[in-house]
Amino acid sequence: METPAVNDIAASLSGEKLEVFRKLNLLEQHRVESFKDWPFPATASCSISKMAEAGFYWTGTKRENDTATCFVCGKTLDGWESEDDPWKEHHKHAPQCEFVKLACAEKDLTVSQFLEILGTVVKCNIEKTCKAFKLSFIRENEERLDEFMHNNK
Ligand SMILES: [Zn+2]
């Protein structure tokens, strides 16, 4: 029997909410869709669907197309080989990851597990945004201070 839990959440999303989910790569489907270019076929151990299942979305470029990042822990891995197992690699490089600890494909997650992951992702994202804001604030005001010092020499 199909476990509809997370699918139900996904199906109930629309408009702005769906875009937020997409931006955070919360859903496996969105992670699959993030892979614009991937050097491995669907038959490879690290196929797009297996990568997305293990939490990875594409962060590659045209020149380096084998780079992917975890939507929960933010670990970025490149240099994939076709026989690499995305879950194993994920666990090897980021054993602390909440998603790896569950080691569970989206379709098998319970709603409460999914919500916990959602909470972690949102929290990390807020922290990241705050850090970036702080940095840009410091940078901006550093420039002003430099300008002030320069003008008052
Ligand atoms: Zn991770």
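This short talk covers a sheet, one serine, a cavity and a pocket in a predicted model.

Let's start with the sheet. It is open and has three strands. Their order is β1-β2-β3, and the pairing is antiparallel. β1, residues 56-58, is an edge strand, and so is β3, residues 76-77. Each of these two pairs on one side only. Now take β1 with β2, where β2 covers residues 68-70. These strands pair over three bridges, in the antiparallel sense. For a single position to look at, pick Y57: T69 in β2 stands opposite it.

Keep Y57 on screen. It leads to the serine. S34 is in contact with Y57, and also with W58 and N25, leaving aside neighbours within four places in sequence. Where does S34 lie? It belongs to helix α3, which runs over residues 28-34. Is S34 buried or exposed? Its relative accessible area is 15%. The cut-off for buried is under 20%, so S34 counts as buried. The side chain has a polar partner too. One of its polar atoms lies 2.6 Å from the backbone oxygen of R31.

R31 takes us to the cavity. How many cavities of 30 Å³ or more are there? The count comes to one. The largest cavity holds about 30 Å³ of space. R31 is part of its lining, together with L26, F71, F99, E106, L109, F114 and I117. By class, that lining has six nonpolar residues and two charged ones. No polar residue takes part.

Next, the pocket. Hold on to F71, which lines the largest cavity. F71 also appears in the largest pocket, among the residues nearest the centre. The others named there are V121, C124, N125 and K128. The lining has 17 residues in total. The volume of the largest pocket is about 380 Å³.

Which elements build the lining of the largest pocket? α2 (15-23), β2 and α7 (111-151) each supply at least two residues. α7 gives the most, with six. So much for the elements; now the chemistry. Nine of the lining residues are nonpolar, four are polar and four are charged.

To recap, in the order of the talk. Y57 stands opposite T69 and touches S34, in the sense of contact. The side chain of S34 has a polar atom 2.6 Å from the backbone oxygen of R31. R31 and F71 both line the largest cavity. F71 is also one of the residues nearest the centre of the largest pocket. That's the tour.

Terms used. Residues numbered from 1 in each chain as written. Predicted model: local features only at pLDDT ≥ 70, side-chain atom pairs only at ≥ 80, totals over all residues. Heavy atoms only, no water. Helix = DSSP H or I, 4+ residues; strand = E, 2+ residues; numbered from the N terminus. Buried < 20%, exposed > 50% of the residue type's maximum accessible area, 1.4 Å probe, protein only. Polar contact = N/O pair within 3.5 Å; in protein donor to acceptor, adjacent residues only side chain to side chain. Contact = heavy atoms within 4.5 Å. 1 Å grid on protein atoms, 1.4 Å probe; cavity = no way out; pocket = protein on both sides within 12 Å on 5 of 7 lines; lining within 4 Å. Points joined across faces, edges and corners; volume = space filled by probe spheres on them. Nonpolar A, V, L, I, M, F, W, Y, C, P; charged D, E, K, R; others polar. Pairing = 2+ DSSP bridges.
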